[in-house]
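Trainee: I should like to understand how the terms applied to this structure are justified.

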Amino acid sequence: MSNIVLETKKLTKYFNDPLRMQVLKEIDLQVDHGEFVSIVGKSGCGKSTLLYLLSTMDTDYEGQIYLDEELITGKTDKELAQMRNESIGFVFQFHYLLNEFNVLRNVMLPGLKLGKLSEEEIEQNAIEHLRTLDMHEHALKMPNQLSGGQKQRVAIARALINKPLIIMGDEPTGNLDKKNSDIVFDIFNQLTKEHNQTLLIVTHDPDFANRTHRIITMEDGKILS
Amino acid sequence: MNFKLVFSIAVHLMRSRLKQTVIAGVGVTFGIAMFITLVSFMYGMNDLLDGLIINRTPHVRLYNEIKPSENQPVNLAEKHKHDVNFIHSIKPKDRGKSIYNAKSIIQSLKQDQRVFDVAPKITTPVFFNSGTIEISGVANGIDVLIEEKLFSLNDYMVEGKIEDLRQNNSIVIGKGLSDKMLLKTGDIIKITTPRGNLASMKIVGIIQIGIADIDDITSYTSLTMAQKLLGAPKNYITDIQVKIHDIDLAPALAKEYKNKYNVDTIDFQTTNSQFETGTTIRSIISYAVGIVLLIVAGFGIYNILNMMIFEKMDSIAILKATGFSGNDVKWIFMILSMVIGICGGVLGLVFGFIFSNIIDVIPFNTAALPTVKTFPVNYNPLFYIIGITFALITTFIAGLFPALKASKVDPVEIIRGK
Ligand SMILES: Nc1ncnc2c1ncn2[C@@H]1O[C@H](COP(=O)(O)OP(=O)(O)O)[C@@H](O)[C@H]1O
Ligand SMILES: [Mg+2]
């Protein structure tokens with residue numbers, strides 16, 4: 001068995017509105033198991049677009065994407081949802097939590113959706129994750145009672161709940177101050193070190209990028225290095 | 001699909017917009033409650049008016065009409081059989097009003113599967129004497145038990161019971177008659193027949209059909225008393241009243257019996273052509289109003305769900321990003337809508353029942369129906385079944401479109417939009 005978690009072949013994306021424009025140009029990319037990879041590049045070069053394709057949320061592209069050596073291009077909405085649920089953890093720049101649910105429930109939801117464990121086990125795991133992120137004291141708070149950094153930690157706990165193959169982040173520290181950015185980086189770093197977690201993080205922050213295993217630089221829809 | 005999870009998400013979404021949810025539910029409740037109340041009341045009214053007419057009228061009546069013989073002797077004579085004969089001044093032949101062979105006709109009718117029951121009757125004009133005044137009227141000789149079974153006469157008895165007629169020499173008279181002649185239950189009334197027979201009878205009850213023309217002249221006695229009064233034999237019967245299971249068959253049966261038994265017949269539809277229209281129109285109006293109310297409630301749900309989906313775009317995007325499929329999202333909003341529909345609908349049924357009960361105790365006095373003291377209400381469970389079914393269908397449809405819209409929300413667009 002090879003070690004490649006995520007692979008793209010000639011990944012190409014166009015936007016048609018307002019003008020036909022090629023955003024991604026035949027991108028070939030590989031991420032190995034246990035790697036902590038960051039993507040950097042100027043604003044507007046297509047980093048987010050790439051990440052949305054990789055996360056299977058956007059299916060309008062040319063080329064192929066393989067997740068764990070399985071071709072995911074052309075799968076149905078239902079199958080893709082299943083893959084997102086099981087194999088991909090996503091952390092956004094803005095701390096997207098469900099305001100209707102408390103912190104614990106937010107973390108548990110993808111686990112409940114997956115349905116592989118009992119509710120008690122999922123709750124146990126969720127509390128465990130919150131504890132490693134030092135958020136367990138806030139488990140019963142509502143999201144609007146948390147600070148930005150705290151919300152981002154909850155989002156990371158949520159991304160972890162199904163033990164995903166890979167965690168993707170679109171500028172997860174972009175909206176945080178230095179101190180909170182460091183906390184988030186440390187969490188990611190600890191995940192790769194201790195749990196061999198694969199991470200693919202888009203970032204603006206050179207400090208952040210320099211501390212990762214590998215940096216992918218993008219320009220005008222192409223990968224430079 | 002994990003129903004429990006989807007349901008719990010729907011409930012949480014609802015709780016965060018409790019006020020709108022309640023308003024949407026109240027719309028359904030109001031619609032269903034009004035529908036139930038209206039239909040129950042209208043059908044109660046229909047039953048009452050049906051009772052006024054259907055209950056008192058036989059579906060098919062067999063009798064002998066006074067008319068000339070169809071075959072005049074001259075046509076029977078061998079010599080003139082093939083000529084064209086003009087006969088002037090034909091008089092009706094008195095064949096008597098008695099139906100020939102009535103007993104065997106009744107037997108035969110009772111065998112008929114389509115027939116509910118058959119009641120023999122004697123109708124004769126009489127004079128009621130009280131002191132020096134003489135009032136002309138009608139005496140009906142009836143088979144008390146069958147007549148009560150077919151026409152619920154007890155519902156119209158103001159005093160006494162129709163069963164009391166089984167006593168010898170007893171009579172029930174119309175309210176108008178009793179008022180005019182100042183007679184009450186227990187009094188003796190003298191009766192003269194057209195042939196001059198005289199009888200004294202004891203009044204055991206007073207009946208009020210609700211139509212003054214009838215109440216002023218009518219009286220009831222037993223079949224045997226009527227025969228005795230007329231000095232007629234035991235097989236003397238002037239009318240055979242038939243009630244059938246399916247009233248729509250009445251015209252056809254009337255024709256059939258006319259040929260089969262060689263008597264005159266008349267069916268319910270011919271005697272009461274105007275009546276059915278009213279019933280139909282009342283039902284249509286109540287259903288139409290009920291459905292309109294529900295459609296309005298449906299639009300309320302549609303609007304509120306649309307608004308909710310607009311507000312919850314972020315939540316939908318997160319759900320999709322974390323692995324909920326379009327189908328799951330659709331069901332979240334369908335369930336939301338159905339919960340509103342079921343809760344609103346069930347409450348609507350309860351309120352509908354309460355409103356019906358309130359109408360049921362509002363006093364309603366009418367001379368037409370002495371036994372009716374309050375507004376009539378029909379508590380047919382079918383209305384409740386129709387009501388809740390409509391509620392579910394409306395909310396299902398009202399929820400379907402917003403839910404489909406939600407299922408198609410593109411999470412990338414929302415996430416990028418921030
Ligand atoms: N929905 C869209 N329609 C048209 N053009 C878009 C759309 N989304 C992004 N773009 C364009 O695609 C390019 C890449 O965007 P994006 O991937 O968000 O860049 P980055 O995340 O690297 O800053 C930008 O020039 C942006 O204007
Ligand atoms: Mg971006």
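The dialogue below takes up buried residues, disulfides and the contact between two chains.

Mentor: Please note that this is a predicted model, in which local features need pLDDT of at least 70, side-chain atom pairs count only at pLDDT 80 or more, and totals for chains, interfaces and linings use all residues. Residues are numbered from 1 along each chain as its sequence is written, chains are lettered from A and ligands numbered from 1 in the order in which they are written, and side-chain values use heavy atoms, with hydrogens and water left out.

Trainee: Why is Cys45(A) called buried?

Mentor: Buried means under 20% relative accessible area, exposed over 50%, and partly exposed in between (1.4 Å probe, protein chains only). Cys45(A) has 5% relative accessibility, so Cys45(A) counts as buried.

Trainee: What makes Cys343(B) partly exposed?

Mentor: Its relative accessible area is 46%, which lies between the two cut-offs, and therefore Cys343(B) is partly exposed.

Trainee: How many disulfides does the structure hold?

Mentor: There are zero over all chains, a disulfide being a pair of cysteine sulfur atoms within 2.5 Å.

Trainee: Which residues make the contact between chain A and chain B?

Mentor: With contact meaning heavy atoms within 4.5 Å, 26 residues come from chain A and 28 residues from chain B.

Trainee: Why is the pair Lys4(B) and Glu119(A) called a salt bridge?

Mentor: The term requires a side-chain nitrogen of Lys or Arg within 4 Å of a carboxyl oxygen of Asp or Glu. The closest N and O atoms of Lys4(B) and Glu119(A) are 3.3 Å apart, so the pair qualifies. Across the interface of chain A and chain B, the rule finds three salt bridges.
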